[in-house]
Amino acid sequence: MKIGQRQTRQRLVLLEILHNADRPLSITNLIQLAKKKKTKIGQATVYRTINALLESGQIRQVQLPHGESLYEKAHLHHHHHFKCEQCNRVFDLPGCPEKELHQYLPVGFRATHHELTFYGTCAECS
């Protein structure tokens, strides 16, 4: 936690949910999971808490093209995502084929960073 930030029960619950998650979560996911933990938390509190956790570097935002913002623990190594078009869940994919991707750049181009998202059907929905 950043100096000056209070350690509220809601903040601790959201941080615990994000650190135990095996995939990026939306604000809606966070509210639902907090309710399952019997924690009363409003949407405005979730947004304020997420902003504080982003600012302190404890979590990071995952922004998919044409999608809502998702949030995940910040200490994950560079990785990519898979979005299921049936259930709309987003999953972390291990690793990155960065060296292979650079071969697709035109001559003289230099990439500074990249994001790769696969779309399809997850194992549960298949």
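A residue counts as buried under 20% relative accessible area, as exposed over 50%, and as partly exposed in between. This scale serves throughout the following account of the structure, which is a predicted model. Phe-91 offers a first example: its relative accessible area is 23%, so it is partly exposed. Of the chain as a whole, which has 126 residues, 33% count as buried.

The overall architecture comes next. The chain holds 4 helices and 5 strands. Their succession along the sequence is α-α-α-β-β-β-β-α-β. Taken along the principal axes, the box filled by the C-alpha atoms is roughly 55 × 40 × 20 Å. When contacts between residues at least 6 apart in sequence are considered, 49% of them join residues at least 24 apart. The surface that the chain exposes comes to about 8600 Å², of which carbon and sulfur atoms supply 52%. The chain carries 17 positive and 11 negative charges, and the mean positions of these two groups are 12 Å apart.

The helical part may be entered through helix H2, which spans residues 27–36. The buried residues of helix H2 are Ile-27, Asn-29, Leu-30, Ile-31 and Ala-34. These buried residues pack against three elements, namely helix H1 (9–20), helix H3 (43–55) and strand E2 (69–73). Helix H2 is followed by Lys-38, a residue that lies in the loop between H2 and H3. The phi of Lys-38 is near 60 degrees, which is a positive value in a residue other than glycine. Lys-38 has a relative accessibility of 73% and therefore counts as exposed.

On the other side of that loop, helix H3 contains Leu-53. With a relative accessibility of 0%, Leu-53 counts as buried, because the limit for that class is under 20%. Leu-53 is separated from Arg-23 by 30 residues in sequence, and their C-alpha atoms are 17 Å apart in space.

Attention now turns to the sheet. Strands of a sheet pair through backbone hydrogen bonds, either parallel or antiparallel. In this model an open sheet of 3 strands has the order E4-E3-E5, and its pairing is mixed. The edge strands are E4 (90–93) and E5 (117–120), each of which pairs on one side only. On average, neighbouring strands of this sheet are turned by 25 degrees against each other, direction ignored.

Strand E3, comprising residues 80–84, pairs with E4 in the antiparallel sense over 4 bridges. One of the bridge partnerships joins His-80 to Leu-93 in E4, and another joins Lys-83 to Val-90 in E4. Strand E3 is also joined to E5 by 4 bridges, but here the two strands run parallel. In this second pairing, His-81 stands opposite Thr-117 in E5. As 4 of the 5 residues of E3 are buried, this strand is largely enclosed by the rest of the structure.

The connection between the two antiparallel strands deserves separate mention. Strands E3 and E4 form a hairpin with 5 residues between them. Asn-88 is placed in the loop between E3 and E4, and its phi, near 65 degrees, is a positive value in a residue other than glycine. A positive phi thus appears in the loop after helix H2, at Lys-38, and in the turn of the hairpin, at Asn-88.

The account may close by returning to Phe-91, which is found in strand E4. Which residues does Phe-91 touch, not counting those up to four places away in sequence? They are Arg-23, Pro-24, His-80, His-81, Phe-82, Cys-84 and Cys-122. Lys-40 is 51 residues away from Phe-91 in sequence, and the distance between their C-alpha atoms is 27 Å.

Conventions:
Residues are numbered from 1 along each chain as its sequence is written. This is a predicted model: local features need pLDDT of at least 70, side-chain atom pairs count only at pLDDT 80 or more; totals for chains, interfaces and linings use all residues. Side-chain values use heavy atoms; hydrogens and water are left out. Buried means under 20% relative accessible area, exposed over 50%, partly exposed in between (1.4 Å probe, protein chains only). Contact means heavy atoms within 4.5 Å. Accessible areas come from the Shrake-Rupley method with a 1.4 Å probe; for residues, only the protein chains shown count as cover. Lys and Arg count as positive and Asp and Glu as negative; His and the chain ends are not counted. The place of a charge is taken as NZ of Lys, CZ of Arg, CG of Asp or CD of Glu. Two strands pair if DSSP finds at least two bridges between them. Axes are lines fitted to C-alpha atoms, for helices over the stretch in contact, and angles run from 0 to 180 degrees between N-to-C directions.
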